[in-house]
Every structure is written in C-alpha cells, then in structure tokens.
Amino acid sequence: MIRVWGRTNSVNVQKVMWTVAELGLDHERIDAGGAFGGLDSAAYGALNPNRRVPVLEDGGVVVWESNACVRYLAARYGRDSLWPEAPAARAAADMWMDWQISTLHEPMRDLFWGLIRTPPERRDGAALARAEAALLPLWQMVDAHLAAQPFMAGAALTIGDIPLGAFCHRYFALPIARPAMPALEAWRARLAERTAFRTYVMLPLS
Ligand SMILES: N[C@@H](CCC(=O)N[C@@H](CS)C(=O)NCC(=O)O)C(=O)O
C-alpha cells in the first residue's frame with residue numbers, strides 16, 4: 001500500500017494525493033508538518049533528511065520532493081495515462097513540472113504566504129505587489145500555451161498538468177485582481193471535472 005506523509009493543506013502534498021487518486025491507488029495518508037509537526041523526529045529524518053512534506057512510501061521505496069513523487073507514481077502506475085512513453089511527449093509534460101518548481105514557485109510562495117499565512121498588520125504591501133506583478137506574466141504564458149491544446153502536454157491529462165494545476169487552483173483562490181485568461185480558466189474548469197482534483201486540490205486555503 002502507498003503511504004503519503006503530509007497535511008492536506010500543503011500544495012506539495014496535494015500534488016501527490018491528486019496523482020494517487022487519479023491512478024486509483026490503495027493508500028493511506030498520515031498528517032505531518034504544519035500544526036501536526038512530526039518532521040523533527042529521528043524516524044522522519046530517516047525517511048526524509050530534508051524534513052519537509054510530502055514523503056511517499058511504496059513498499060521499500062521512499063521518495064521525497066513532490067514533483068519526484070508525482071513522476072515516480074506516474075512512471076510506476078500511470079504508463080497508460082499520466083506518463084507519456086515517447087521521450088518527446090514526456091519532455092513536453094516534464095518541462096512544465098520543472099518550470100513550476102524553478103520559476104513559478106517563488107512568486108507563488110511569496111504571495112500565498114504574504115496574503116494567507118501572514119496577519120494583515122504584518123503584511124508587506126510592496127513585497128506582495130512585486131510577487132503579484134511577477135506572477136501575472138507567468139500565468140499569461142500558461143494561458144497562451146493552453147489556447148492551442150486542452151492539457152499542458154496535448155490532448156490528455158499528464159504529469160505536466162499536476163503540479164501546475166495544483167498551483168493554478170491556489171492562484172485563483174487568492175484575493176487578488178486577475179485579468180481574463182480564458183484558456184487558463186477553461187483548463188482549470190476541465191481539471192475541476194475530475195474527482196481526484198476536487199477531492200485533494202480544491203480545498204479551502206488555510
Ligand atoms: N520542494 C519541496 C518543498 C517541500 C516543502 O517545503 N513542503 C512544505 C509544505 S508545502 C513543508 O514541509 N513545510 C514545513 C511544514 O509543513 O511543517 C517539495 O516540492 O516537496
């Protein structure tokens with residue numbers, strides 16, 4: 001059985017749980033991190049020396065780093081669905097995963113933490129405005145990409161949609177102004193048709 005360590009309100013845990021559910025895998029999830037703590041224990045450190053959530057266990061296999069967990073699950077269990085076999089098709093999905101973590105993550109983190117996890121009196125308006133301004137062209141880039149195809153790597157859902165889709169839900173849930181991005185909004189609606197996305201990603205921000 002698959003075991004996932006991590007609290008449900010972590011976007012990085014959400015990516016992994018969405019993948020587990022999308023693939024219909026038998027699993028358990030153990031609350032860890034945030035208010036649940038547990039990341040400082042020796043046992044947790046032995047699983048993940050980086051002491052973050054999520055961690056994925058599958059039999060004797062231990063994987064941490066959320067995008068690596070998504071890739072592992074798709075490669076092992078999603079070869080007829082989430083995991084494109086052809087190298088070019090796989091790269092088309094994979095590059096968006098790397099882009100999420102290398103480019104999108106930082107301004108998303110700054111805006112989310114600044115608005116949602118920081119009390120109003122301690123918010124840094126200038127830093128929030130910078131993060132918001134940095135994010136808009138990034139999401140507009142995704143919008144332009146999706147104008148030509150329904151999913152990030154083509155006609156069907158792949159790993160390329162998962163980290164980005166989880167962040168997209170969060171971006172639209174933030175209390176900020178956004179210009180119309182029709183293809184992005186249509187993709188988000190397409191994701192929201194999926195039970196796995198609704199169950200594990202469309203959760204209240206907290
Ligand atoms: N790059 C890592 C980031 C992991 C990470 O920073 N996780 C956060 C939650 S989103 C965490 O563990 N925070 C400490 C905590 O929850 O106590 C990944 O994608 O897995």
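How do the residues in the lining of the largest cavity divide by class, and how many are nonpolar, polar and charged? In this predicted model, the lining of the largest cavity comprises six nonpolar, four polar and two charged residues. The search that located the cavity covered the whole structure and returned one cavity of 30 Å³ or more. The volume of the largest cavity is about 50 Å³. Its lining is made up of Asn-9, Gln-14, Phe-112, Arg-117, Ala-166, His-169, Arg-170, Val-201, Leu-203, Pro-204, Leu-205 and Ser-206. Helix α6 makes the greatest contribution to this lining, with three residues.

The largest pocket encloses about 720 Å³ of space. Thirty residues line the pocket, and those nearest its centre are Arg-7, Ser-10, Asn-12, Arg-52 and Val-53. By class, the lining of the largest pocket consists of twelve nonpolar, ten polar and eight charged residues. At least two lining residues come from each of α1 (11-22), α4 (87-116) and α6 (162-173). Of the pocket lining, α4 provides the largest share, namely six residues. Helix α6 therefore appears in the description of both spaces: it supplies at least two residues to the lining of the largest pocket, and it gives the most to the lining of the largest cavity.

The ligand occupies the largest pocket. Around the ligand are Arg-7, Ser-10, Asn-12, Gly-33, Gly-34, Leu-39, Arg-52, Val-53, Pro-54, Glu-65, Ser-66 and Ile-101. This shell contains four nonpolar, five polar and three charged residues. Arg-7, Ser-10, Asn-12, Arg-52 and Val-53, listed here in the shell, are also the lining residues nearest the centre of the largest pocket.

Polar side chains of the shell approach the ligand at several points. The side chain of Arg-7 places an N or O atom 2.8 Å from an oxygen atom of the ligand. For Glu-65, a side-chain N or O atom is 2.8 Å from a nitrogen atom of the ligand. The side chain of Ser-66 has a polar atom 2.6 Å from a ligand oxygen atom. The ligand on its own exposes 500 Å², of which 74% is buried by the protein.

Two backbone features occur in the loop between α2 (42-47) and β3 (55-58). The peptide bond between Val-53 and Pro-54 is cis, with omega about 5°, and Pro-54 is located in this loop. Both Val-53 and Pro-54 belong to the residues that surround the ligand. Arg-51 is likewise placed in the loop between α2 and β3. The phi angle of Arg-51 is near 55°, which is a positive value in a residue other than glycine. Arg-52 is among the residues around the ligand.

How values were computed
Residues are numbered from 1 along each chain as its sequence is written. This is a predicted model: local features need pLDDT of at least 70, side-chain atom pairs count only at pLDDT 80 or more; totals for chains, interfaces and linings use all residues. Side-chain values use heavy atoms; hydrogens and water are left out. A residue is near a molecule or strand if one of its heavy atoms lies within 4 Å of it. A polar contact is a pair of N or O atoms within 3.5 Å; within protein, one must be able to donate a hydrogen and the other to accept it, and residues adjacent in sequence count only if both atoms are side-chain atoms. Accessible areas come from the Shrake-Rupley method with a 1.4 Å probe; for residues, only the protein chains shown count as cover. On a 1 Å grid over the protein atoms alone, a cavity is a set of points where a 1.4 Å probe fits but cannot get out, and a pocket is an open set with protein on both sides within 12 Å along at least five of seven lines; lining residues have an atom within 4 Å of a point. A molecule sits in a cavity or pocket if more than half of its atoms lie within 2 Å of its grid points. Ala, Val, Leu, Ile, Met, Phe, Trp, Tyr, Cys and Pro count as nonpolar, Asp, Glu, Lys and Arg as charged, and the others, Gly among them, as polar. Grid points are joined across faces, edges and corners, and a volume is the space filled by probe spheres set on the points. Helices (H or I, at least four residues) and strands (E, at least two) are DSSP runs, numbered from the N terminus.
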